[in-house]
Amino acid sequence: MGNFSTKITQLVVCGPLFTIFVPMKQLLVTLVALLALSTTQAQESAMPTIDAQSLGMGGVTMAISSDTHALFNNAAQTAFSRFPAKISASYYGQTDFDYYGISGYWRFDRMNTLQLGWRQYLREKGNHDSALDLGYTRRLGERVAVAAVGRYMHLKRYEETSDALSVDLSVAYEQPITSWERYSTLRLGAKIANLGGFLDGSDLSLPMDLKVGAALETFFSDQHQLTVGCDVGYYFTPSSVRGFQAALGAEYNLMQLICLRAGYHVGERTAYYPSFGSVGVGVRLLHIRVDFAYLMAKKDTPLRNTYSISFGLDF
């Protein structure tokens, strides 16, 4: 089967975590310890981010308040959502490949949230991969939440198939800034992804990466909101994809109806996660959400003319 990771670009990114908050430090240390205990090697590139809001902001995923596809980004963020339940679906088109997925969550009480998602990805001649995700989020007091996501992956590569199991562990933190004249919130997030491996002795394996991020939300008035987020991350294994990536993005929200977004992503590995700029727009009407993102990358990268469309319902 060989290594197929040269055909897919990983867009998951992360951002700087301010460890001045003691609860976040303790949880992050725990996640890093779990990473060190894992012996699974990684050689199979993971699925890209399909969330149009995140992609419109350069691929920022860890700390923005969006929970459109939090299960695929940072599942712990759903603990702080204004809505007790959401359903979202996205389509992502990349060069010769396309991806689509659907996810939702239900916060059945103040402290606990269940999440479920399904994706088909890397759809190309002879390929038909899919993944099923099940997540649980637990709120720890007013400011901190943690989450675990279990994933079953079925990879169909031409005439060969493989199955894999993996786990993501994530944490989220939010802190209202009451000392400022304008209402603002600082959000932090971190995730260790793809702790697991294939079940059938395949020479393919899952990438393992650590992501951290921060975002600041500020309301200039009841009608104008600005969010700025920054992510950085590192792929540990395999050596072919090992390296750093980072993203910076912003979102302007007018009256909670129209959102304008822009961002830039820096990737160390051109064949796997190249640099790109992005723009996006979102519309909210009652309980319906529609978001669009377009990526601007060099002609010799797989992200040339990539776009994403997301739809959702809030309950």
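A residue is taken as buried under 20% relative accessible area, as exposed over 50%, and as partly exposed in between. In the predicted model described here, Arg-110 has a relative accessibility of 44% and therefore counts as partly exposed. Glu-142, with a relative accessible area of 44%, is likewise partly exposed. The side chains of these two residues, Arg-110 and Glu-142, form a salt bridge with an N to O distance of 2.4 Å. The pair connects distant parts of the chain, 32 residues apart: Arg-110 belongs to the loop between β2 (97-106) and β3 (112-124), and Glu-142 to the loop between β4 (127-140) and β5 (144-157).

Twelve salt bridges are found in a search of the whole structure. Side chains of opposite charge can pair when their charged atoms come close. Two of the pairs involve Arg-187. In one, the side chain of Arg-187 meets that of Glu-174 at 2.7 Å, N to O. This contact links strand β6 (residues 160-177), which holds Glu-174, to strand β7 (residues 184-198), which holds Arg-187, across a separation of 13 residues. Glu-174 has a relative accessible area of 12% and is therefore buried, and Arg-187, at 9% relative accessibility, also counts as buried. In the other pair, the side chains of Arg-187 and Glu-217 meet at 3.0 Å, N to O. Here Arg-187 in strand β7 is joined to Glu-217 in strand β8 (residues 208-219), 30 residues apart. Both Arg-187 and Glu-217 are buried. Elsewhere, Arg-119, Asp-133, Arg-151 and Asp-168 are connected into one network by salt bridges that share partners.

Asp-231, a residue of strand β9 (residues 224-237), presents another arrangement. Asp-231 is buried but takes part in no salt bridge, and the nearest side chain of opposite charge, that of Lys-211, is 9.2 Å away. Since a salt bridge requires a side-chain nitrogen of Lys or Arg within 4 Å of a carboxyl oxygen of Asp or Glu, the 9.2 Å to Lys-211 does not meet the criterion, so no salt bridge is assigned to Asp-231. A polar atom of the Asp-231 side chain does, however, lie 2.7 Å from the backbone nitrogen of Thr-61.

Backbone geometry was examined next. Most residues other than glycine have a negative phi. Gln-256 has a positive phi, near 60°, and is not a glycine. Gln-256 is located in the loop between β10 (243-254) and β11 (258-267). Its relative accessible area of 34% places Gln-256 among partly exposed residues. Leu-286 is also not a glycine and has a positive phi, of about 55°. Leu-286 occupies the loop between β12 (276-285) and β13 (288-296), and with a relative accessible area of 82% it is exposed.

Gln-256 is also part of the largest pocket, which is lined by 33 residues. The residues nearest the centre of this pocket are Ser-65, Arg-82, Phe-83, Gln-225 and Gln-256. The volume of the largest pocket is about 730 Å³. Strands β6, β7, β8, β10, β11 and β12 each contribute at least two residues to the lining. By class, the lining comprises ten nonpolar, ten polar and 13 charged residues.

Methods: Residues are numbered from 1 along each chain as its sequence is written. This is a predicted model: local features need pLDDT of at least 70, side-chain atom pairs count only at pLDDT 80 or more; totals for chains, interfaces and linings use all residues. Side-chain values use heavy atoms; hydrogens and water are left out. Helices (H or I, at least four residues) and strands (E, at least two) are DSSP runs, numbered from the N terminus. Buried means under 20% relative accessible area, exposed over 50%, partly exposed in between (1.4 Å probe, protein chains only). Lys and Arg count as positive and Asp and Glu as negative; His and the chain ends are not counted. A polar contact is a pair of N or O atoms within 3.5 Å; within protein, one must be able to donate a hydrogen and the other to accept it, and residues adjacent in sequence count only if both atoms are side-chain atoms. On a 1 Å grid over the protein atoms alone, a cavity is a set of points where a 1.4 Å probe fits but cannot get out, and a pocket is an open set with protein on both sides within 12 Å along at least five of seven lines; lining residues have an atom within 4 Å of a point. Grid points are joined across faces, edges and corners, and a volume is the space filled by probe spheres set on the points. Ala, Val, Leu, Ile, Met, Phe, Trp, Tyr, Cys and Pro count as nonpolar, Asp, Glu, Lys and Arg as charged, and the others, Gly among them, as polar.
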